[in-house]
Protein chains: 2
Amino acid sequence: MPAASNNTPGNTANDASPRSVAQDFATVFALLKPQMTRLDAFLREQMTGFEPEIRPMAEYCIDTSGKRIRPALVFLGGWTGDAEDAPQELIRAAAVVELVHLATLVHDDIMDGAELRRNRRTAAREYGAEAAVLLGDALLAHAVHIAAQFPTTEVCAEVSNATRRVCAGEIIQTMRRGTLEITLEDYQRIIDLKTAELFRVSCYLGGRLAGHPLPYCLAAAEFGRRLGVAYQIYDDLADFFGDEKRIGKTLGTDLASGKITLPLIELFKRLSSDADRAALTDEILKRAAPRPDLRIQQMNTLGVFEAVSDAIHAELRAAEAVLAPHATLPPAPLLLRLRGVLHDQVMTLKKDS
Amino acid sequence: MPAASNNTPGNTANDASPRSVAQDFATVFALLKPQMTRLDAFLREQMTGFEPEIRPMAEYCIDTSGKRIRPALVFLGGWTGDAEDAPQELIRAAAVVELVHLATLVHDDIMDGAELRRNRRTAAREYGAEAAVLLGDALLAHAVHIAAQFPTTEVCAEVSNATRRVCAGEIIQTMRRGTLEITLEDYQRIIDLKTAELFRVSCYLGGRLAGHPLPYCLAAAEFGRRLGVAYQIYDDLADFFGDEKRIGKTLGTDLASGKITLPLIELFKRLSSDADRAALTDEILKRAAPRPDLRIQQMNTLGVFEAVSDAIHAELRAAEAVLAPHATLPPAPLLLRLRGVLHDQVMTLKKDS
């Protein structure tokens with residue numbers, strides 16, 4: 001994690017736009033609507049390739065898909081300025097990354113024993129854990145099936161590597177759950193693997209498939225990686241500081257499941273007495289009932305929110321900096337606005353907290 | 001399933017070899033030893049591509065890999081007569097199909113709650129179900145990673161299709177478990193998807209990558225598919241008629257888990273009274289304790305062993321017939337010997353029963 005500074009990200013040299021981040025959000029997603037509609041149609045059409053018995057299960061997963069951030073990164077990374085006439089390659093690549101993401105969600109929900117995702121029963125709850133394991137596999141295989149229809153093996157290679165790294169990140173996180181053997185470096189590595197990797201590949205493939213120059217594509221990849229890191233830290237912060245209704249889950253679930261994230265690492269560092277640290281250790285190791293309210297109160301008192309949001313903003317600034325040499329290419333200003341959306345979300349948490 | 005006849009498979013027109021099947025077994029596997037050694041070295045080397053935390057888990061799975069039938073099919077399907085100098089493409093394709101197979105085993109063992117596989121603890125038991133779900137995903141992704149290193153997308157396309165179909169077969173089987181809604185046609189479709197598909201792809205890719213003519217490759221694919229169907233029916237028959245020590249598992253596990261296979265379908269057809277059929281139904285639906293000893297005895301009395309082994313032999317004959325036009329190509333006689341090995345195994349079951 002780069003050292004955090006107190007600069008307001010919206011005021012850095014490369015972002016002189018006078019728009020508010022709320023406007024940015026609306027603008028960016030309105031721009032992508034034609035491509036998202038084509039993606040929906042493409043995904044539905046793909047479902048006809050599944051055996052009749054598992055088609056409704058696959059369709060059910062696609063219905064619960066959520067925000068489609070990774071497809072948005074493909075579309076923005078490969079932006080050419082002509083929304084209506086975006087190349088079909090981008091739609092296909094967006095479907096690939098979204099299917100990989102959905103497959104990992106189906107498997108995650110089995111492991112977490114989750115009942116609901118976005119207010120619908122998870123696939124594991126709806127069809128049973130056994131079928132859900134295989135359904136995730138089939139979604140993953142279908143992602144590769146689409147990837148294999150490109151003229152070269154590049155999409156297959158990028159996506160298989162990313163998938164392997166996402167799984168490695170999840171495994172390492174699972175293995176470390178309920179132990180104190182997790183350092184800041186471990187945390188950074190886990191989120192780099194489990195979240196940032198697919199963000200990275202989405203931006204990279206968007207750029208490549210739209211025919212943008214390779215130096216930009218590599219910069220877009222690094223932008224995506226940084227944005228993914230920032231996004232995951234935000235998600236971990238929202239687990240303690242979010243509005244329960246808005247984020248749609250109970251606060252403090254990471255603490256309750258023994259998952260050590262940046263807010264907990266920063267809190268631990270700031271607790272001054274051995275007794276306080278021992279008490280938090282007991283909660284993480286499940287030797288004592290978790291006390292999320294106390295921990296959130298301590299995080300507020302001890303400046304944890306600021307430390308963690310500084311870390312997010314540092315990543316967002318690094319993401320911005322890497323695009324600076326490519327500012328004249330059509331995707332750069334749009335990717336920067338997306339970065340602004342995440343910045344906005346962190347500010348919203350602050351208001352909630 | 002083609003109608004079974006009483007011909008002894010060893011005596012058909014296309015197999016005039018005077019060798020015994022036991023000799024065939026030894027000959028075929030001795031021939032493949034150099035390639036299997038190279039495959040082992042290649043797989044071990046691949047493991048270094050995994051993150052350090054999950055490398056031992058991946059290596060553990062490879063240790064438990066078993067018979068390596070699918071790699072054997074790649075090597076035999078792509079046989080050129082020069083064992084020592086087999087192209088590296090065959091080794092890589094063999095690694096791909098083996099990793100896909102291992103990934104499905106890791107996931108199957110989670111779902112079956114299996115403790116042991118080949119006398120070692122399953123990955124699910126050794127590392128927990130959560131890690132095993134992700135480990136299976138990582139193995140699958142690594143298979144695609146190797147497949148993406150071929151110059152064209154053909155290996156990726158074949159393997160992803162096969163994987164999706166294998167998963168579909170497993171899902172359909174899982175959904176039908178513990179119900180009576182399974183006909184002979186359903187059974188055939190399930191085993192065609194879950195087992196025969198990967199056999200088919202193995203033979204096909206072997207032929208393609210060795211540069212054999214396309215008509216032979218397509219025939220080899222169909223040979224593989226038929227052999228896979230025969231192999232699965234054999235496996236299902238062995239669940240009732242095997243030697244427990246030799247096959248390394250308890251007899252009657254399919255009945256106990258409510259899995260309807262060909263021996264049960266054939267038994268059901270032969271039970272003459274409504275009361276007998278109702279009693280078997282209760283066992284399948286888990287409304288009554290399973291009585292494997294009684295069911296095996298009835299299968300013996302009512303000719304189920306013969307009917308099922310006839311079905312296997314019919315598939316083996318069909319497999320043989322499809323290779324007839326390509327008898328002069330180097331792989332053909334070896335593939336036919338492998339078919340002989342399976343025939344031998346069915347005969348061994350007969351002796352045990």
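Across the interface of chain A and chain B in this predicted model, 16 residue pairs are in polar contact, both partners at pLDDT 80 or more. On the chain A side, the elements giving two or more residues are α4 (88-112), α6 (129-147), α7 (154-176) and α8 (184-209). The top contributor is α7(A), with 15 residues.

Eight salt bridges are counted between chain A and chain B. One pair is E51(A) with R165(B), whose closest N and O atoms lie 3.7 Å apart.

The contact draws 43 residues from chain A and 43 residues from chain B. About 3,900 Å² is buried between the two chains, and carbon and sulfur atoms give 69% of that area. Within chain A, the residues losing the most area to chain B are E53(A), L134(A) and R164(A); together they make up 18% of what that side buries.

**Chain A itself**

Chain A holds 16 helices and two strands. Further values for this chain follow.

| Property of chain A | Value |
|---|---|
| Buried share of the 353 residues | 58% |
| Exposed area | about 13,700 Å² |
| Share of exposed area from carbon and sulfur atoms | 52% |
| Mean pLDDT | 86 |
| Residues with pLDDT of 70 or more | 89% |

Contacts reach far along the sequence. Of those in chain A with a separation of 6 or more, 78% join residues 24 or more positions apart.

Where does the pLDDT of chain A fall below 50? It does so over residues 1-19. In the model, this stretch still has 33 contacts beyond near neighbours in sequence.

Technical notes: Residues numbered from 1 in each chain as written. Chains lettered and ligands numbered in written order. Predicted model: local features only at pLDDT ≥ 70, side-chain atom pairs only at ≥ 80, totals over all residues. Heavy atoms only, no water. Helix = DSSP H or I, 4+ residues; strand = E, 2+ residues; numbered from the N terminus. Buried < 20%, exposed > 50% of the residue type's maximum accessible area, 1.4 Å probe, protein only. Contact = heavy atoms within 4.5 Å. Areas by Shrake-Rupley, 256 points an atom, 1.4 Å probe, with all protein chains shown as cover. pLDDT = per-residue confidence, 0-100. Buried area = accessible area lost by both parts, 1.4 Å probe. Salt bridge = Lys/Arg side-chain N within 4 Å of Asp/Glu carboxyl O. Polar contact = N/O pair within 3.5 Å; in protein donor to acceptor, adjacent residues only side chain to side chain.
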